[in-house]
Amino acid sequence: MAALLSIRGLRTWFHTRAGIARAVDDVNLHLQPGETLALAGESGSGKSVTAYSILRLIQPPGRIEAGEIMFNGTNLLTLDDRGIRNVRGNRVAMIFQEPLSAFNPVQKVGAQIVEAIRLHRRVSRRAAYARAVELLAQVGIPSPGARAHEFPHRLSGGMRQRAMIALALACEPDILIADEPTTALDVTTQAQILDLLKSLQARNGMGLLLITHDLGVVAETADRVAVMYAGRVVEEGPVDTLFSRPSHPYTAGLLAAVAIDDVPPGERLPEISGMAPSLLAMPQGCAFAARCPKASAAAGCFTESPVFSSLTLQRHVACFAANPAASPVTVFPRSAMRDDNVRVAA
Amino acid sequence: MTQTRISAVFRFLRRRLWQVVPVVFGIALLNFLILQLAPGDVVDVLAGEAGAATPEYMARLRADFGLDKPVPVQFLHYIQHTALLDLGFSFRQNMPVLQLILERLPATLALMTAAMGIAVISGLILGVLSARHVHRAADRVISIFVLVTYALPTFWLGLMAIVLFSARLGWLPSSGMTDISVELTGFAYLRDLAKHTVLPALTLATFYLAVYTRLVRTAMLEYFGADFIRTARAKGATEARITLFHALRNALLPLMTMLGLQLGSILSGAVLVESVFSWPGLGRLAFESVLARDFNLLLGILLFSSVMVTVLNICVDVVYAFLDPRIEF
Amino acid sequence: MYLALLKELLRNRAAAAGLALLLATLLAATLGRFWFPGDPWEMSGAPMLWPGDDAANPLGTDLMGRDMATGLVSGAGVSLMIGLVSTLIAAGAGITIGALGGFYRGWTDAFLMRVTELFQTVPQFVLAVVLVAIFKPSVATATFAIGIVSWPPTARLVRSEFLALRERGFVEAARALGMGDFRLIVTQILPNALPPVIVIAALNIATAIQTEAALSFLGLGDPNVMSWGTIIGNGREQVVDAWYICGLPGIAIVLVVLAFNLLGEGLNDALNPHLREKET
């Protein structure tokens with residue numbers, strides 16, 4: 001099956017006074033119709049910048065330096081302004097982390113959805129408004145007619161995120177990019193929003209690119225996951241096999257760190273020691289090497305950048321030490337890695 | 001705008017209008033203090049230079065102020081009069097102070113409105129231009145213009161404008177509100193009025209234009225990075241639409257706040273501009289009362305203009321609340 | 001610390017320009033007296049001589065034949081003096097009121113803020129006119145009046161700084177050591193609240209100089225002192241025939257005000273480095 005979206009060799013750099021920050025450096029991804037791909041990583045790993053690069057929403061000093069983003073046979077990076085505007089909100093739509101600030105504070109919710117519709121469809125204001133109310137009903141907002149008439153600050157956090165989803169669905173996009181859609185919400189609302197996204201996806205068959213730092217969300221929602229670290233994708237594959245048998249030491253560390261609930265009281269939380277390198281001054285070799293328990297000079301971890309390559313048909317990893325047959329136990333020291341934790345997290 | 005919101009506005013107005021009371025009280029107290037601290041007794045001060053006022057007027061003033069009574073009683077007298085908006089009598093102009101002020105008020109309001117209109121609209125245009133071309137040539141030129149404009153004394157700018165546009169170029173009249181040598185009606189009158197308004201309004205507007213340009217530029221730059229602007233971009237909106245419909249619409253809010261804060265300063269500016277252009281408003285009246293040492297009139301103007309600032313401020317707050325739905329009345 | 005600040009200012013092009021202009025004004029006000037030692041009120045040539053007409057009066061003469069250069073030099077001193085002293089008065093009043101309100105909060109604060117609001121509602125220039133007119137025009141009344149009308153912004157700023165700072169750890173620590181309110185305010189909180197006050201003060205000098213000129217222009221200047229506003233006020237009747245009489249002192253005002261504005265902004269940049277980071 002041809003990919004709906006495929007990103008090849010994407011580089012998005014920020015030209016700051018202190019130097020060039022390589023926020024996204026040679027990222028490759030693909031998304032199939034009806035599939036949910038999670039882009040996971042810590043903040044600053046480049047996952048959001050990757051997502052914004054797709055719709056070319058990068059603002060100076062950021063700039064897309066290289067790469068190709070193919071969507072429906074066209075390269076989004078070479079489209080002219082009108083061309084990319086035609087894709088934005090129409091074929092590829094986005095929802096954001098903070099639904100309150102993502103809405104224009106002085107415009108009614110309905111009017112903002114109407115705007116999204118009328119930017120791409122030649123319909124009357126009245127018809128667009130009717131459609132907006134219908135969309136609000138679709139995302140499970142009670143008394144949608146009245147809500148459309150409210151200003152964003154009058155809605156609760158969960159309702160706002162639902163309205164944001166309604167806005168994104170206005171033109172029935174082929175791809176929905178969700179940038180940390182549940183981070184600003186409480187736990188119950190988080191689950192509801194994720195369920196809503198899943199059911200909408202099942203109905204529309206759209207591809208969903210889910211940006212998140214929450215591995216629980218990944219496990220619950222995604223078909224495939226790509227883990228980013230310091231501007232690169234370090235590991236990618238189906239959620240179930242990747243979570244049960246992570247290949248990259250970083251992924252393994254992340255999964256261990258997630259299972260906080262299962263750490264007996266008084267015992268230290270498992271965490272990856274050290275800090276992510278500054279994007280302004282990337283070390284030679286693998287970016288994770290300095291924190292990696294498996295790193296060795298002999299394998300070239302400190303001198304050469306590992307190439308992102310196939311492990312199996314479906315799994316890819318960028319690590320010299322990775323071994324497809326390795327169990328989690330051998331990838332990570334027993335003390336820091338608990339296979340039962342991983343299963344709980346998954 | 002729903003019915004309930006409009007009635008809420010009226011409730012808000014009723015509540016806010018009470019704020020005029022402490023202002024009147026405060027200014028009255030201030031005026032009274034000034035009179036008490038000034039050299040000579042109150043009537044000497046108010047009657048201006050010795051011998052200028054008639055004995056009857058002096059006697060009337062002494063009675064008004066109850067000068068034979070202790071100071072607190074005098075203050076009560078003063079407050080009582082002020083509260084009833086009895087600002088006393090101007091001996092020089094032979095008219096009640098309040099009547100004099102009300103006669104001159106429309107001219108000042110007209111000048112302020114014209115100047116603010118110019119300042120707000122040009123400030124918006126220049127601010128948006130500056131923000132759209134940030135750190136490029138247009139932005140730099142506008143920034144230098146703003147910097148210089150900040151430093152221009154209003155009255156001096158007015159004088160120089162008269163030299164250039166009235167005397168040298170002969171384009172516009174330099175004084176008054178209308179041409180008093182001819183009787184004009186209808187459209188011709190309005191045209192004449194407009195011609196007389198241009199220079200004073202532009203002069204008064206200049207400083208605020210600079211302030212608003214800067215403010216709009218900053219606000220727009222801030223909004224360009226805001227989440228809701230990113231949403232608009234992600235919807236597929238054009239940059240022009242994003243600038244005008246989303247960012248500028250929100251930038252009106254800090255602009256209104258600034259306008260409200262500066263009402264007192266605008267009125268102060270009007271005093272100077274009116275005295276340069278012989279504009280028959282409150283400022284000109286204040287200037288005349290200084291020249292004639294008619295301090296009762298001058299103090300009345302101070303009180304009245306403070307009340308006016310308070311009332312205008314309430315109006316600005318109402319407009320603000322209409323612009324920002326997050327404000328609850 | 002002062003040396004570092006000065007270095008920072010000189011690196012900032014705008015602030016350096018402001019400092020240079022300011023230095024030039026200071027030199028004009030001091031050394032200029034030796035150059036043009038005469039009495040600015042004395043007739044020294046034919047009236048309304050244009051600048052350059054006569055070497056004895058390089059910047060011309062006014063309507064009464066008084067030397068313009070001598071008047072401008074005198075005005076530079078008056079402007080700087082009144083600007084500085086009235087700003088000191090405003091800063092003193094503003095710091096006191098803001099510090100008391102922010103430190104004690106409660107009804108003290110409520111009362112002081114009402115007073116501050118009242119002074120912000122009154123059209124400042126009109127109040128200055130009233131004060132100067134009633135207390136008789138002089139350098140002292142003008143200075144005092146300008147100070148009286150310009151303290152509210154400082155008070156508000158100091159108050160908000162105090163409200164924030166009084167909750168900080170070092171204040172709590174000093175209080176725990178038994179430090180009294182006065183010492184707490186003066187030695188602990190105030191030094192930390194000062195940087196933005198310095199910025200406001202620099203900008204306030206600019207406004208004060210403009211206000212002084214406006215008062216003198218309206219005839220409310222000290223009758224014994226030649227200030228820039230006085231020269232403009234005297235020249236306005238003949239402004240069409242001899243615009244330089246109003247023009248030259250006006251340009252002087254613009255330059256000095258520009259200098260203080262540039263300096264204020266430079267100080268703002270230097271004292272709030274985090275603001276610079278935001279501008280890319």
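Two residues are taken to be in contact when their C-beta atoms, placed from the backbone, lie within 7 Å. With that in hand, chain A of this predicted model can be looked at by how far along the chain its contacts reach. Among its contacts between residues at least 6 apart in sequence, 64% join residues at least 24 apart. Chain A is built from 13 helices and twelve strands, and 48% of its 346 residues count as buried.

Next come the contacts that chain B makes with its partners, starting with chain A. Here 19 residues of chain B meet 23 residues of chain A. On the chain B side, the elements that supply two or more residues are α10 (227–235) and α11 (239–261). It is α10(B) that gives the largest share, seven residues. Sorted by character, this side of chain B has six nonpolar, six polar and seven charged residues.

Chain B also touches chain C, with 39 residues of chain B in contact with 35 residues of chain C. The list of chain B elements giving two or more residues to this side runs to α2 (20–37), α7 (137–151), α8 (154–168), α12 (263–277), α13 (282–291) and α14 (295–323). The largest share, nine residues, comes from α14(B). As for character, the side of chain B that touches chain C holds 31 nonpolar and eight polar residues, and no charged ones. On the side that touches chain A, by way of reminder, seven charged residues turn up.

Methods:
Residues are numbered from 1 along each chain as its sequence is written. Chains are lettered from A and ligands numbered from 1 in the order in which they are written. This is a predicted model: local features need pLDDT of at least 70, side-chain atom pairs count only at pLDDT 80 or more; totals for chains, interfaces and linings use all residues. Helices (H or I, at least four residues) and strands (E, at least two) are DSSP runs, numbered from the N terminus. Ala, Val, Leu, Ile, Met, Phe, Trp, Tyr, Cys and Pro count as nonpolar, Asp, Glu, Lys and Arg as charged, and the others, Gly among them, as polar. A residue is buried if 20 or more other C-beta atoms lie within 10 Å of its own, exposed if 12 or fewer, and partly exposed in between; C-beta atoms are placed from the backbone.
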